[in-house]
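Trainee: Please show me the structure. I would like to ask why things in it are called what they are called.

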Amino acid sequence: MARVLPRPRAPLAPRASVRRRYEEELGWPTTGTEPVELLTGLRFDVLEMPADAGGAVLQRLPRTGPVALLRARCGGNQPGDRPKLLMLIEAGGAEELPGILEWLEWGTLAADLTTRGTGDRMPAPAFRRGTAPSYGFGSREAATWVRPPRPGYEAENSLPTTGSGAGIGDVGGAPDLVRLVSAAATECHRARLWRARNAQSDREYGDQPLAFSNASRMSAGTRPRSLTL
């Protein structure tokens, strides 16, 4: 007897619902690919850092705008494969990062702090269902929201931007991008020192992270401006 093959299954509902939620409810453009990805540089840019440093930033800043957690790559053993925290900032902010780091006197020391801007993309984070995160669309780099966006609000009014006048932890308005970058660069540097102290490989950025501690920079007369903010 001929074996009856199962009919092709329709695409999973979560994929369609994820894309619809971003495009229709939030007005954020997505790619036409699977898994769903969000285009950066249009409605927002992204400030990206290791999850351990990002967690410390979240403790310092109760109001940051939307924040997503990007899972670690399966089987990855390199520093770039670690879980990342993605903080949404105002579109155009990615271009300002090098200048801000230079003004804060971090230079290239905050190598773990990067951005995604015009022409880039990020995995579309899954929205939580109940108390557990949902990765309905599946991906090695699938992400989920830590601080989810609110339709019609976050993308326009609560993204960190330069010159907003809001200080760290202010109740009203978005945090100033310079202060956010200052906190993020500091925590990235601290996290690198902590990993080095625990004998974790950090060779992607050189073999002498301890040489650039804040204490050594202060004793050399190069106190980072970020410590005065």
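**Helix and sheet**

Mentor: Start with helix α3, which lies across β2, β4 and β5 and runs at about 160 degrees to β5. Lying across rests on contact, meaning heavy atoms within 4.5 Å. The angle is taken between N-to-C directions on a scale from 0 to 180 degrees, with axes fitted to C-alpha atoms, for helices over the stretch in contact. This is a predicted model, in which local features need pLDDT of at least 70 and side-chain atom pairs count only at pLDDT 80 or more, while totals for chains, interfaces and linings use all residues. Residues are numbered from 1 along each chain as its sequence is written, and side-chain values use heavy atoms, with hydrogens and water left out.

Trainee: How many helices and strands are there in the chain?

Mentor: The chain has six helices and seven strands. They are DSSP runs numbered from the N terminus: helices are H or I with at least four residues, strands are E with at least two. Along the sequence the pattern reads α-β-β-α-β-β-α-β-β-β-α-α-α.

Trainee: What is the order of the strands in the open sheet?

Mentor: The order is β5-β2-β4-β3-β7, five strands with antiparallel pairing. Neighbouring strands of this sheet are turned by 30 degrees against each other on average, direction ignored.

Trainee: How do you know that β2 and β5 pair?

Mentor: Two strands pair if DSSP finds at least two bridges between them. Three bridges join the antiparallel strands β2 and β5, so the requirement is met. On the residue level, E48 has T114 in β5 as its bridge partner.

Trainee: Why do β5 and β7 stand at the edges?

Mentor: β5 and β7 (143–147) each have a single partner strand, so one side of each is left without a neighbour in the sheet.

**Buried and partly exposed**

Trainee: Why is R116 called buried?

Mentor: R116 belongs to strand β5 (residues 114–116). Its relative accessibility is 15%, and buried means under 20% relative accessible area (exposed is over 50%, partly exposed in between; 1.4 Å probe, protein chains only), so R116 counts as buried.

Trainee: What does the side chain of R116 make a polar contact with?

Mentor: The partner is the side chain of E48, at 2.7 Å. A polar contact is a pair of N or O atoms within 3.5 Å; within protein, one must be able to donate a hydrogen and the other to accept it, and residues adjacent in sequence count only if both atoms are side-chain atoms. The distance of 2.7 Å is within 3.5 Å, so the pair R116 and E48 fits. A polar atom of the R116 side chain also lies 2.9 Å from the backbone oxygen of R121.

Trainee: Is T162 buried, exposed or partly exposed, and why?

Mentor: T162 sits in the loop between α4 (154–157) and α5. At 31% relative accessibility T162 falls in between the two cut-offs, so the term is partly exposed. T162 and E96 are 66 residues apart in sequence and 8.9 Å apart in space, C-alpha to C-alpha. Their side chains make a polar contact of 3.2 Å.

Trainee: And why is T161 called buried?

Mentor: T161 lies in the loop between α4 and α5. Its relative accessible area is 17%, which is under 20%, so the word is buried. The side chains of T161 and E90 are joined by a polar contact of 2.5 Å.

Trainee: What makes Y22 buried?

Mentor: Y22, in helix α1 (residues 13–26), has 0% relative accessibility and therefore counts as buried. The backbone oxygen of P125 lies 2.5 Å from a polar atom of the Y22 side chain. Not counting residues up to four places away in sequence, Y22 touches residues including W28, L38, F127 and W145.

**The cores**

Trainee: Which residues of the largest nonpolar core touch the most other members?

Mentor: They are L47, M49, M87, L101, L113, L180 and V181, out of 26 residues in that core. A nonpolar core is a set of buried Ala, Val, Leu, Ile, Met, Phe, Trp, Tyr and Cys residues joined through side-chain atoms within 4.5 Å. Helix α5 gives the most to this core, with eight residues. A second, separate core has 18 residues, among them L38, F44, L70 and L88.

Trainee: What share of the chain counts as buried?

Mentor: Of its 229 residues, 43% do.
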